[in-house]
Amino acid sequence: MSGRHAEEHIHTVEGTDPHIFVEIHEPTAGTDAGLRPILLLHGFSSSSKLNWADTGWITALQAAGRRVITVDLPGHGRSASPEDLDSYSPSRIRADLLQIVADAGARPLRDGDPSSGLDIIGYSLGSRLAWEFGATQPELVHRLVLGGPNKEDPLASFDLVAAQHYLADGTPIEDESTAGLLKMAQLLPSNDLFALLSLIEAIKGEPYDPAEAVPHMPVLLVAGDKDERAVTMPELASIAARAGGIVEQLLVPGRNHSNAITSRVFKDAALAFLGV
């Protein structure tokens, strides 16, 4: 298959119809490394196209001989916006992801078989989901690359009431973090703002505590050295290390939370880390 080939799927899970958009990207012709697939998880108010396709990640991974699975999270990209709040909860999303990767051919890790298991690269919100997925699926996940990670969840302190008032009548939002996140979401006309607010509400209902469930597989943590959230990266590394995990950290020079994902340094480090 050519490196530009991608299978598109609308995925349904557990008898419901969340319409999670899934693509399978095959390795560039003649380059198949015989390694396990890689799942890519994008950030809040983004999409697989914005985080992974437009930034060259999918092409770079395909050229390295890797099979890539991309998904658009509920309410994002080409996925639909379910009406039920449960579809947006982190635990439900992880369950959906488990079914998706199984359908895409990911198999439990097996000693001596480099094609078994699954690698995951997440960014921002995708890193939170990847951390929890790795912690709960140790028999499946081989390695994790977490970009723009944070020990605390920025969405947890989001002021939903203020955001709803702003969208209804333009009432100014006093909390700077809430205003910034909402502004970021509004930059993409395709974003369903009310679906994104449902996601935030569901996330607030399942608070993120990285020490509660810790992945034991090797982890690479990456952030721009201008990313204010990077200050908590050593704490995440310490949590994983205390649990017996192998952890590496990388600060990308001159990059912030918005543009670290475009860095070639980031891509090269991830490829080297996952290429074993």
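**Group meeting talk: a walk through one predicted protein model**

Okay, let's start with one residue, Asn51. If we skip its neighbours within four places in sequence, Asn51 is in contact with His42, Gly43, Ser46, Trp57, Tyr123 and Ile261. Before I go on, a reminder that what you see here is a predicted model.

So where does Asn51 sit? You'll find Asn51 in helix 1. And is Asn51 buried or exposed? Its relative accessibility is 10%, and buried means under 20%, so Asn51 counts as buried.

Now hop over to Ser45. This one is in a loop, the one that runs between strand 3 (38-41) and helix 1 (48-53). Ser45 is buried too, with a relative accessible area of 4%. Who does Ser45 touch? Again leaving aside neighbours within four places in sequence, the contacts of Ser45 are His76, Met184, Ala185, Leu188, Asn191 and Leu196.

Okay, let's zoom out. The protein has nine helices and eight strands. Its radius of gyration is 18 Å, and the globule rule gives 19 Å for 276 residues; those two are close, so the protein is as compact as a globular protein of that length. If you lay the C-alpha trace along its principal axes, it spans about 60 × 40 × 30 Å.

How much of the protein is buried? Of the 276 residues, 52% are buried. And here's one about the chain coming back on itself: take contacts between residues at least 6 apart in sequence, and 75% of them join residues at least 24 apart.

Next, the inside. The largest nonpolar core has 56 residues, and Ile69, Leu118 and Ile120 are those with the most contacts inside it. Helix 7 (residues 193-204) gives this core its largest share, eight residues. There's another core lying apart from that one, with 19 residues, among them Ile38, Leu40, Trp57 and Leu274. You've met Trp57 already, as one of the contacts of Asn51.

Let me pick out Ile120 for a second. Not counting neighbours within four places in sequence, Ile120 is in contact with Leu39, Leu41, Ala130, Phe133, Val141, Arg143, Leu144 and Val145.

Last stop, the outside and the charges. The accessible surface comes to about 11,900 Å², and carbon and sulfur atoms account for 52% of that. What about charges? There are 21 positive and 37 negative ones, and their mean positions are 8 Å apart.

That's my tour, thanks for listening!

Terms used:
Residues are numbered from 1 along each chain as its sequence is written. This is a predicted model: local features need pLDDT of at least 70, side-chain atom pairs count only at pLDDT 80 or more; totals for chains, interfaces and linings use all residues. Side-chain values use heavy atoms; hydrogens and water are left out. Helices (H or I, at least four residues) and strands (E, at least two) are DSSP runs, numbered from the N terminus. The radius of gyration is taken over C-alpha atoms; the globule rule is 2.2 Å times the number of residues to the power 0.38. Buried means under 20% relative accessible area, exposed over 50%, partly exposed in between (1.4 Å probe, protein chains only). Contact means heavy atoms within 4.5 Å. Accessible areas come from the Shrake-Rupley method with a 1.4 Å probe; for residues, only the protein chains shown count as cover. Lys and Arg count as positive and Asp and Glu as negative; His and the chain ends are not counted. The place of a charge is taken as NZ of Lys, CZ of Arg, CG of Asp or CD of Glu. A nonpolar core is a set of buried Ala, Val, Leu, Ile, Met, Phe, Trp, Tyr and Cys residues joined through side-chain atoms within 4.5 Å.
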